[in-house]
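Hello,

Here is the structure I promised to pass on to you. My notes follow below it, grouped by region so that you can read them with the coordinates open.

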Amino acid sequence: MKRLFLYILAVSATATTVSCNKLLETNPKESIDLNIATKSKDALKATIISVYASMRGSGYYGRDFIVQCEVLADNGEITSSNSNRFVSEANNQPRAQVNIWNACYVNIFRCNYIMKYIDQIKGFTEDEKQQLLGEAHFLRAYNYFDLVRSYARNPRFMYDFDLGVPIVTDAILDVTDPAFPGYPARAKVDEVYAQIVKDLDSAELKLGRAEASSITQIAPFRASKLAAVALNSRVKLYRGDWAGAEASATSAISLMPFNSPKLKVEFVSDSATYMSKWGNLHPEMIFGLSFEAYESLGTDAIQYIYYKHPILGGYGDITARAELLADYYGGTADPRRRSLIKQDVKSSQIVYYCLKWPGAKPYRGGDDIMLIRASEVYLNRAEARAMQPGKESGAMDDLNKVHTRTKLAPIAALTGDDLTKEIWRERRIELAFEGHRLFDLLRTGRNIVKGATTIENKDYRLVAPIPTTETDVNKNLKPNPFY
Amino acid sequence: MKRVLLLGVCLLLTLSGVFAQNRVITGKVTDGTDNSPLPGVTVGVKGTNLGTITKPDGSFSLSIPANAQVLTFTFVGYEKKEMPIPSGNQLLVKLLSDQKSLDEFVVTGYSVKRKRDVSGAVTSVQGKDIENRPVQSFDRAMQGQMAGVQVIANNGIPGGALSVRVRGLGSINAGSDPLYIIDGVQVNSGDNTRNFPSSNALAALNPDDIETIDVLKDPASASIYGAQAANGVVIITTKKGKAGKTNVTLGVYTGYSERIKKVDVLTTQQLIQLAYESRLNRYGKADADSWVPTLFGTTKYDSLPNYDWQNILFRKGIIQNYELGINGGNEKTTFYLSGSLNRSEGQVIASDFTRGTMKLNLNHKVNKKLEISSGILLAAYKQNGVNGAGTFTNPNRGGILLWPGTGPYNEDGTYNQNLFGAYYINPLQQANYDSYNARNLKMIGNLGVIYSITNSLTYRGTINAEYGDVKEHRFTDPRTPDGAPSGRVSDYNSELLNWQTNHTLNFNHVFNDVHKVSALIGTEYRYNVSRGFNTGGTGVPSYEFSTVGSTAVPTNPGSFYGDWKLLSGFGQLSYTYDDRYTVTGTVRRDGSSRFGKNNRYGTFPSVSLMWRASKEAFLANSNVISDLKFRVSYGQTGNSLIGNYPSRQLFGLGGTYEGLPGAAPSALAVPDLSWESNQSYNFGFDLALLKNRINLTADYFIADRKNLLLTKPLPITSGFGSIQQNVGSLRNQGIEFELKTVNFDAGDFRWETKFNVSSVKNKVTKLLPGQDNIGTAIVIGRPINSIFTQKWAGINPADGRPMWYDTLGNITYQPVARDRAYLPGTLDPTWYGGFINEFTYKAFSLRVFLQFSGGNYLLNQDALFSSRAGSTVDRNQYASQWRRWQKPGDITDVFKPYYGGTIPGTSSAYSLSDRYYEKGDYARIKDITLAYTLPKKVLRQWGLAYARIYATAANFHTWSNYSGYDPELINGTTGDFGIYPQSKQYTVGINVNF
């Protein structure tokens with residue numbers, strides 16, 4: 001017995017002093033070591049997936065970013081009985097703004113990570129590489145675009161404040177690296193737009209190359225050459241690069257119809273088809289985000305806030321403002337007013353729900369988030385043409401292409417401001433509730449008019465505050481004026 | 001403790017040799033209460049090594065020298081008895097069972113010490129002080145019983161988790177829970193569910209199986225547990241068997257629980273009147289005259305019904321508890337076996353707790369040197385619950401917020417699915433149709449080998465295991481608005497395996513009668529792994545199907561895994577001179593898998609000094625002072641309650657998309673990450689007066705919590721939000737008193753009092769370099785959980801607008817962020833304690849337990865939500881809103897009803913200010929018990945050894961100014977938002993021994 005005891009004691013003593021580290025090894029299973037990941041092709045491919053998944057979060061395109069851009073502007077208001085969501089945004093209270101800074105920079109970091117490590121990982125075919133890099137450039141551009149249009153002034157209406165957002169293109173993983181974490185200052189608005197266009201051009205090239213070979217076409221729910229070109233037309237329109245916007249739009253239109261296994265993407269001329277496809281693989285969708293049943297945002301989904309579905313339920317907190325309803329051509333004569341706006345009664349209030357996220361699938365929160373679609377590209381081109389002398393008739397053609405699809409009579413030829421205003425009106429109706437309105441007003445110098453209240457284009461509240469968590473840490477970041 | 005005594009028995013046996021003997025004395029030892037024979041009693045001759053042990057019939061026979069004067073009788077659990085040797089050879093001895101002797105020992109970690117020898121700050125509560133109370137877990141029963149041990153219920157859910165804080169809140173980002181040790185097994189605590197509102201991991205142990213709870217408060221006592229001990233150590237010892245007659249105990253109690261308080265809310269008619277006024281004040285009479293009738297569809301408001309939703313959603317819940325215990329044994333083997341069944345329905349509909357437990361403690365002496373001790377606890381418990389927090393289906397919130405004009409049922413008896421207002425979901429239907437539950441299985445086992453190498457040196461080795469299995473199930477019925485269209489199911493399964501082994505060598509010896517040396521060295525290894533998965537689905541064929549397998553569309557699959565390891569070596573050396581001076585030094589070295597490779601090991605030393613003044617010549621003969629000792633200690637302990645892999649660089653999961661998994665870099669390596677430490681001084685004394693009739697213990701401590709893990713924020717442009725660093729500090733300072741007195745003890749009447757009170761102050765002393773605050777709650781120089789808010793100035797009598805103060809103390813109608821100020825207190829109580837009076841008269845006893853706490857503020861979130869003067873017509877509101885301002889000159893605290901709540905030129909009347917932070921002070925009769933012990937005569941007729949009947953009222957009465965449901969709740973920035981309140985319980989019960 002004594003010997004046994006001594007043996008145990010000896011073993012214990014040895015254990016505590018010698019082989020401790022071995023005994024203290026643990027192995028996380030829900031994560032893996034980063035050093036392994038930076039050498040893995042599959043891990044890098046999973047990284048791009050995480051960016052799509054993140055953009056679909058309810059704080060970003062899953063709900064908030066789209067809804068906020070509509071209620072901060074003049075399309076939507078909050079029903080009297082409500083769930084207390086988006087109320088302060090609808091009242092344009094200071095700091096009640098979009099909040100995508102953190103999500104966007106994490107997404108940008110992941111894209112940078114892909115671009116940085118792809119060359120040191122073995123096993124990629126050239127096409128796979130081009131595809132992955134093309135997606136990374138596209139998504140990086142998209143995130144920078146959302147950042148710069150939310151947190152900075154439009155390049156055409158800067159009101160003496162020309163700072164954009166910091167441009168970061170590296171991904172540092174070592175905390176001992178002197179460049180870590182980096183305290184970047186804000187680049188100029190124009191530099192950010194230039195970076196976005198550069199990324200989209202790269203995306204177009206790389207995705208085009210990959211698509212030309214037999215890589216499976218995965219549009220519309222992942223980046224495609226068509227999506228890159230179409231987004232470029234919007235970015236250039238925001239920038240006031242009219243010729244560039246027109247060229248990109250033309251290029252995008254020439255790429256349609258675009259056949260992917262899921263969808264034939266094209267401008268839909270048939271009104272009935274156009275009205276019926278919302279929420280589930282709309283043929284207009286050049287780029288969008290999808291939800292499998294197990295990914296549903298449930299009660300945080302966009303349908304839930306926009307529409308009180310008779311079966312799926314909903315807060316139904318957003319109703320169309322009178323100004324928007326008045327803009328429809330001939331009121332309910334406009335089929336979009338009839339089919340995509342639903343009049344309902346909520347706690348004795350007459351409300352107008354948006355039906356673009358109609359609860360098209362048998363489960364809650366399954367509706368696709370359509371982000372770039374064919375009609376927008378035509379309207380981009382119409383506007384870009386209208387801004388260029390001598391291209392009015394082309395602009396009218398594009399405008400009427402969208403307008404007459406709804407079986408309304410064509411709009412008679414217009415020029416100058418009348419033409420621009422008509423295009424803006426068409427754009428407001430056509431893209432209502434899709435998250436364009438705030439930026440369309442900001443980039444065209446217009447004010448927001450909500451009943452008796454007017455918020456001027458230059459009002460500081462219309463530019464989102466950079467989160468104080470960020471300005472507190474990074475002293476090189478100049479806050480937006482009045483914040 | 002008993003083991004030590006048994007060891008002593010072995011020792012005596014070993015030493016008893018054969019000497020010159022002159023005569024043989026025989027006798028019989030029996031229990032003083034019931035005259036049953038006591039086998040295994042050690043009978044010794046004082047001043048010699050001679051002795052024997054009584055036989056199964058209690059008889060003994062012992063040869064004694066002629067000059068022997070006195071015989072000693074010692075037995076576990078009985079008072080030691082000394083007896084002059086009578087002239088005759090026959091002796092009849094009665095031993096009295098001795099609870100007091102049990103009190104005098106405390107388990108101090110890997111060893112048992114006499115309480116009088118303890119030089120650190122240790123407090124204890126006896127099992128009998130917490131038994132038969134209608135609580136589901138012992139941590140709840142500890143509340144108010146011990147100085148320096150603060151127990152705050154997170155909620156009133158039957159079987160819900162609690163927060164126990166020993167000597168204040170000790171961390172900012174790491175955990176604050178103490179280490180719990182049940183019969184030597186370090187167990188997991190806290191809420192062990194991931195989806196269910198709250199399930200207490202410690203509810204597996206039936207509180208009535210507990211013999212003692214000892215809490216090691218200061219680092220000098222706790223440093224033997226090193227890196228796990230910074231928040232104190234709670235050591236639970238369960239009941240053990242006693243050699244002798246087999247004892248069967250039966251306990252039953254039953255009763256009911258009900259709400260403590262009902263919150264006063266408005267009637268339908270009052271709400272309509274307020275709604276009318278709010279429209280009138282905003283849009284004018286014409287609007288109000290048309291809008292209100294349109295909204296309610298009638299003008300005959302008086303005919304509208306009033307439903308009392310609190311009555312609908314609260315109830316009387318039945319409580320039942322059954323326990324059966326058997327214990328006994330002989331000089332070689334003792335056992336304690338108990339089983340229990342508890343069912344406690346909550347006072348909120350559809351919430352309950354059901355538990356079955358089995359506890360077996362088995363000790364066996366193989367031979368004089370080797371002893372095996374083992375214990376096993378098996379428990380299964382299930383909780384049914386309802387949605388909590390801010391959900392629409394939360395009945396606690398619904399009781400206040402639901403519109404009183406619509407009720408739970410339609411005229412045809414079906415559930416009303418479209419209640420008026422924003423809270424349109426019917427919680428009664430939801431609670432009755434949905435199922436939401438957590439099932440726990442728990443096994444805690446300990447196996448120990450004790451080997452006496454020599455008389456002074458003992459080896460002890462143990463293998464301990466804790467296994468837990470939790471299955472959570474949630475079904476949302478498709479017939480309800482929340483479950484529409486086709487129902488939802490989610491299941492969470494998780495498993496815990498925690499095993500430890502430790503090996504110690506204990507040395508105890510007294511040299512030359514005055515130099516007492518005890519030493520301990522040991523090593524320990526712990527491996528803790530938890531894992532689980534969750535899955536769910538939507539779309540069941542019909543509501544009768546509620547399993548995951550019956551759903552059409554799968555949703556939310558997930559899993560988790562976490563493991564950690566701890567490897568330790570420790571030692572303790574204690575020297576006592578002449579029972580007067582004691583010095584003890586302890587050191588433990590721990591290595592934890594959780595920490596960075598540069599800082600994986602930590603050393604935790606402590607030293608303590610004790611001076612027993614009462615043994616000095618100048619006090620030794622005092623008739624007043626029975627015992628007086630002074631204690632000083634300093635020590636260091638660590639806190640390792642952080643995530644499992646915070647120092648690792650990781651690539652983690654990042655959602656799914658289009659059928660593909662996402663993943664991305666998720667954490668950067670922090671190789672320097674290390675322990676949080678608790679460096680603390682303790683000064684205390686223990687004073688006993690008048691033959692221990694008055695016992696006072698007082699302690700003062702300063703605990704510096706250093707190397708606190710703080711989240712160093714990074715610019716998110718780096719791709720990461722933060723990394724953790726060990727840089728923060730805070731200081732806790734406090735005073736603790738425990739007083740036990742026998743106020744009256746004469747004849748048939750006895751009155752005993754136990755009183756304890758603690759005060760603790762907390763101050764943040766250091767944050768990140770250059771950082772003065774983290775948010776507004778954590779500021780250098782202030783306590784954690786400070787409250788920074790707008791200052792309410794009341795209602796302007798002239799126009800009914802709400803007013804606030806600005807920074808200069810002037811009235812403002814539109815306060816801005818800089819107008820906020822700190823309240824004098826925080827969300828954490830700064831004083832707390834308990835006051836127990838026990839009166840015994842003949843066979844009757846009355847126990848009154850008052851528990852109190854205060855110095856804090858509570859955010860009354862329900863009030864914030866429900867104080868709108870009718871300006872939103874979507875919910876019911878506090879009855880106080882009827883006091884709204886109506887005309888110039890009205891002096892009131894409720895603003896003018898104004899539709900939407902934002903009077904032009906005025907901030908929203910609903911905005912948060914200090915008016916919603918209410919004082920959290922309360923005193924409550926936690927427990928009042930009246931008991932009657934049946935007379936022996938009656939018992940004998942029934943063949944019983946003991947019987948007691950009693951009636952208990954728990955949370956019987958509360959003194960508090962808090963306007964919400966209940967002031968006993970955990971602080972939090974969300975206040976009492978939808979928290980399940982505490983309940984009252986009334987029970988009657990009986991204990992019988994056969």
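**A buried alanine in chain B**

B:Ala141 counts as buried because 24 other C-beta atoms lie within 10 Å of its own, where 20 or more is the cut-off. Please keep in mind throughout that this is a predicted model. The residue belongs to helix α4 of chain B, which covers residues 138–141. Leaving out residues up to four places away in sequence, B:Ala141 touches B:Ile130, B:Arg133, B:Val135 and B:Pro207. For one of these, B:Ile130, there is also a C-alpha distance: 5.9 Å from B:Ala141, with their positions 11 residues apart along the chain.

**Chain A as a whole**

Chain A contains 20 helices and 11 strands. Its C-alpha trace spans about 105 × 55 × 50 Å along the principal axes. The radius of gyration is 25 Å, which agrees with the value near 23 Å for a compact globule of 483 residues. Of those 483 residues, 52% count as buried. Contacts also reach across the sequence: among those in chain A between residues at least 6 apart, 70% join residues at least 24 apart.

One helix you may like to look at is α10 of chain A, residues 225–239. Its 15 residues reach 21 Å from first C-alpha to last, close to the 21 Å expected at 1.5 Å a residue. Is this helix buried or exposed? All of it is buried, 15 of 15 residues, so α10(A) is largely enclosed by the rest of the structure. After the helix comes A:Gly240, which has a positive phi near 80°.

**The nonpolar cores**

In soluble globular proteins, nonpolar side chains tend to be buried together. Here the largest nonpolar core has 264 residues, and the members that touch the most others are A:Phe138, A:Val148, A:Leu226, A:Ala227 and A:Cys354. Helix α8 of chain A (residues 126–151) provides the largest share of this core, with 12 residues. Setting aside neighbours within four places in sequence, A:Val148 is in contact with A:Gly164, A:Val165, A:Val189, A:Val192 and A:Tyr193. There is also a second, separate core of 15 residues, which includes B:Leu38, B:Val43, B:Leu50 and B:Phe75.

**Where the chains meet**

On the chain B side, 66 residues are in contact with 69 residues of chain A. Several elements of chain B give two or more residues to that side, among them α7 (285–296), β23 (457–476), β25 (515–538) and β30 (650–657). Which element gives the most? That is β26(B), with 13 residues. By class, the side of chain B that touches chain A has 33 nonpolar, 27 polar and 6 charged residues.

Strand pairing crosses between the chains too. Strand β1 of chain A (residues 31–33) is joined to β30(B) by 3 bridges, and the two run antiparallel. Within this pairing, A:Ser31 has B:Gly652 as its bridge partner.

**Strands of chain B**

Strand β15 of chain B (residues 210–216) is mostly covered, with 6 of its 7 residues buried. Strand β10 (residues 122–126) of chain B runs antiparallel to β15(B) and is joined to it by 5 bridges; here B:Gln126 is partnered with B:Thr212. β15(B) also pairs with β16(B) (residues 233–238) in the antiparallel sense, over 6 bridges, and B:Asp214 stands opposite B:Ile235.

Further along, β19(B) (residues 333–345) and β20(B) (residues 352–365) run antiparallel and are joined by 13 bridges. Their hairpin has 6 residues between the strands, and B:Ala350 takes a positive phi near 65° there. β20(B) is then joined by 14 bridges to β21(B) (residues 370–384), again in an antiparallel arrangement, through a hairpin of 4 residues. B:Thr354 is a handy marker for this region: B:Arg343 stands opposite B:Thr354 in β20(B), while in β21(B) the bridge partner of B:Thr354 is B:Lys382.

Finally, 3 strands of chain B form an open antiparallel sheet in the order β39-β40-β41. The edge strands, each pairing on one side only, are β39 (791–795) and β41 (811–812) of chain B. β40(B) (residues 802–805) has 2 bridges to β41(B), and B:Trp804 stands opposite B:Thr812.

Best wishes

Methods:
Residues are numbered from 1 along each chain as its sequence is written. Chains are lettered from A and ligands numbered from 1 in the order in which they are written. The expected span of a helix is 1.5 Å times one less than its number of residues. A residue is buried if 20 or more other C-beta atoms lie within 10 Å of its own, exposed if 12 or fewer, and partly exposed in between; C-beta atoms are placed from the backbone. Two residues are in contact if their C-beta atoms, placed from the backbone, lie within 7 Å. Ala, Val, Leu, Ile, Met, Phe, Trp, Tyr, Cys and Pro count as nonpolar, Asp, Glu, Lys and Arg as charged, and the others, Gly among them, as polar. Two strands pair if DSSP finds at least two bridges between them. A nonpolar core is a set of buried Ala, Val, Leu, Ile, Met, Phe, Trp, Tyr and Cys residues joined through C-beta atoms within 7 Å. The radius of gyration is taken over C-alpha atoms; the globule rule is 2.2 Å times the number of residues to the power 0.38.
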